[in-house]
Amino acid sequence: MRVVLLHQYYKTPEEGGGIRSWYLCRALKEAGHEVEVVTAWNKKEKKTTSTNGYPVHYLPIHYSNELAVSSRVWSFLRFSLSAFKKVNSLQKPDFIYAISTPLSVGMLAKLIHWTRGIPYFFEVGDLWPDVPVQMGYLRSLPLIRTLKSLELSIYQSAKGIVAMSPAMLDYFNDMGYGKKTICVTNFSDLTLTNTPSHEKERTDRFTVAYVGTLGKANHLRYLIDLAEEAQKRGLKNFQCIIMGEGAEEPLLKKMIVDRGLFNVSLLPHSSKKAAISVLKSASMAYLSFGPYDKLWTGSPNKYFDALAIGKPILCNFGGWIGDEITDKKCGVVYSPFDPQSFFDVNWASLQADDTLKKMGENAQELAQKSYALDKQIPKWLTFLSR
């Protein structure tokens with residue numbers, strides 16, 4: 001098969017961030033298929049480079065989490081227009097594999113299908129436009145109706161839909177698309193266990209580490225609240241590490257200073273290896289979303305990375321992930337609106353010698369049985385061959 005993969009946020013392990021599309025392309029190449037990637041980067045020139053033996057076409061479209069809503073929309077539209085031209089200049093593929101977000105990538109795939117007759121698979125990472133509507137980014141009812149219609153038309157025209165979580169699979173089943181939908185979550189790369197730790201894990205310190213985007217959706221002020229409660233209680237062994245970049249980074253820095261917190265460290269965004277090193281040195285990995293249940297249907301890569309290295313998880317939201325953490329006993333789910341209860345209910349048990357060890361073992365067992373690459377990739381490749 002010959003495949004063109006569209007993903008505005010394609011990243012390599014050296015760049016850090018979500019590298020799902022890197023894994024997918026590597027799998028296609030190893031399975032003997034031809035693959036090309038069309039993506040964007042924050043530079044002023046176009047570039048084509050080779051990664052794992054396949055070409056990656058970088059288009060000069062600036063995007064960052066710090067951009068205003070209007071600037072983000074403009075970035076999405078510019079990428080769609082530029083990517084349309086680029087795809088039309090490439091040898092015709094057997095199909096397009098389009099990765100959302102944003103929804104505009106699905107619109108792009110549908111346009112290519114309509115103009116050139118190329119089928120497409122659509123991978124759904126977040127429910128658009130439901131997520132930006134719930135977060136208050138979209139308020140115009142006519143615009144919301146238009147985007148919902150576009151969403152449905154993208155699903156209807158797709159050859160297949162890849163849902164990135166069981167909750168999303170339920171969503172598509174309810175819509176009547178179950179027969180052409182498969183669930184392929186993010187991956188737990190078990191080789192990450194070989195990554196050296198940022199520092200030796202200390203038994204005299206309880207460290208909660210967050211690695212990822214510092215955006216409105218992630219709502220890291222919840223972790224700041226937790227750190228403040230620990231400091232009020234005089235828990236000198238409790239500390240937080242926040243590693244990443246995003247729109248709320250200035251706010252987080254201000255909150256740390258204003259509240260006089262000495263138990264929170266901010267580290268800059270770095271490579272995948274560096275991020276895993278930080279997680280490995282921590283007592284628990286932190287998962288965070290704001291009070292938007294549409295986001296809880298997602299598949300955050302940091303969850304699967306934590307499972308892969310056998311790291312217990314501290315989670316501040318519900319949904320399918322919150323339920324799974326509780327059911328599999330691989331961490332703690334708490335209410336971010338009541339940080340006092342976390343310490344009242346969980347702190348003593350988390351100090352016991354075997355509690356974190358058992359949670360970590362359960363986490364890695366879940367990764368091995370359900371989310372390892374050798375469990376997810378084969379069914380994905382089979383689905384593409386339908």
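I count two aromatic rings of Phe, Tyr or Trp as a pair if their centres lie within 6.5 Å, taking the six-membered ring for Trp. With that in hand I went through this model, which is a predicted one.

**Rings.** I looked up the aromatic pairs, and the rule gives 27 of them. One cluster I wrote down is linked by ring pairs among Phe206, Phe238, Tyr334, Phe342, Phe343 and Trp347.

Next I checked charges over rings. Which residues sit over the ring of tyrosine 137? Arginine 72 lies over its face, 5.9 Å from the ring centre. Lysine 216 has its charged end over the ring of tyrosine 137 too, at 5.0 Å from the centre.

**The eight-stranded sheet.** I traced an open sheet with mixed pairing, and its strand order reads β3-β4-β2-β1-β5-β6-β7-β8. Its edge strands are β3 (47–51) and β8 (181–183), each paired on one side only. On average, neighbouring strands here are turned by 20 degrees against each other, direction ignored.

Then I took two of the pairings in turn. Strand β1 (residues 2–6) runs parallel to strand β5 (residues 95–99), and four bridges join them. I looked for the partner of valine 4 in β5 and found isoleucine 96. At the β3 edge the picture is antiparallel: five bridges tie β3 to β4 (residues 54–60). There, threonine 48 has histidine 57 of β4 as its bridge partner.

β3 and β4 make a hairpin with two residues between them. I stopped at asparagine 52 in that turn, since its phi is positive, about 55 degrees, although the residue is not a glycine. For my own reference, most residues other than glycine have a negative phi.

**Helices α5 and α6.** I came back to the eight-stranded sheet to see what packs on it. Helix α5 (residues 141–157) does, touching β6 (120–124) and β7 (160–163), and its direction makes about 130 degrees with that of β6.

How do α5 and α6 pack against each other? I noted an angle of about 90 degrees between α5 and helix α6 (residues 166–175), with the axes 12 Å apart. I call anything from 65 to 115 degrees roughly perpendicular, and the two helices are therefore roughly perpendicular to each other. From α5, the contact uses Lys148, Glu151, Leu152 and Tyr155, while α6 brings Tyr171, Phe172 and Met175. Sorted by class, I get five nonpolar residues, two charged and no polar ones in this contact.

**The six-stranded sheet.** I found another open sheet, with parallel pairing and the order β11-β10-β9-β12-β13-β14. β11 (264–267) and β14 (331–333) have a single partner strand each, so one side of each is left without a neighbour in the sheet. The twist from one strand to the next averages 20 degrees.

I checked one pairing inside this sheet. Strand β9 (residues 206–211) runs parallel to strand β12 (residues 284–287), with two bridges between them. Valine 208 has methionine 284 as its bridge partner in β12. Phe206, from the ring cluster I wrote down above, falls within the residue range of β9.

**A cis peptide.** Last, I looked at the bond from tryptophan 128 to proline 129. It is cis, with omega near 5 degrees. Where does proline 129 lie? I placed it in the loop between β6 and α4 (130–134). Most peptide bonds are trans, which is why I wrote this one down.

Notes:
Residues are numbered from 1 along each chain as its sequence is written. This is a predicted model: local features need pLDDT of at least 70, side-chain atom pairs count only at pLDDT 80 or more; totals for chains, interfaces and linings use all residues. Side-chain values use heavy atoms; hydrogens and water are left out. Two strands pair if DSSP finds at least two bridges between them. Axes are lines fitted to C-alpha atoms, for helices over the stretch in contact, and angles run from 0 to 180 degrees between N-to-C directions. Contact means heavy atoms within 4.5 Å. Angles under 35 degrees count as roughly parallel, over 145 as roughly antiparallel, 65 to 115 as roughly perpendicular and the rest as oblique. Ala, Val, Leu, Ile, Met, Phe, Trp, Tyr, Cys and Pro count as nonpolar, Asp, Glu, Lys and Arg as charged, and the others, Gly among them, as polar. Rings of Phe, Tyr and Trp (its six-membered ring) pair if their centres lie within 6.5 Å; planes under 30 degrees apart count as stacked, over 60 as edge-to-face and the rest as tilted. A charge sits over a ring if NZ of Lys or CZ of Arg is within 6 Å of the ring centre and within 35 degrees of the ring normal.
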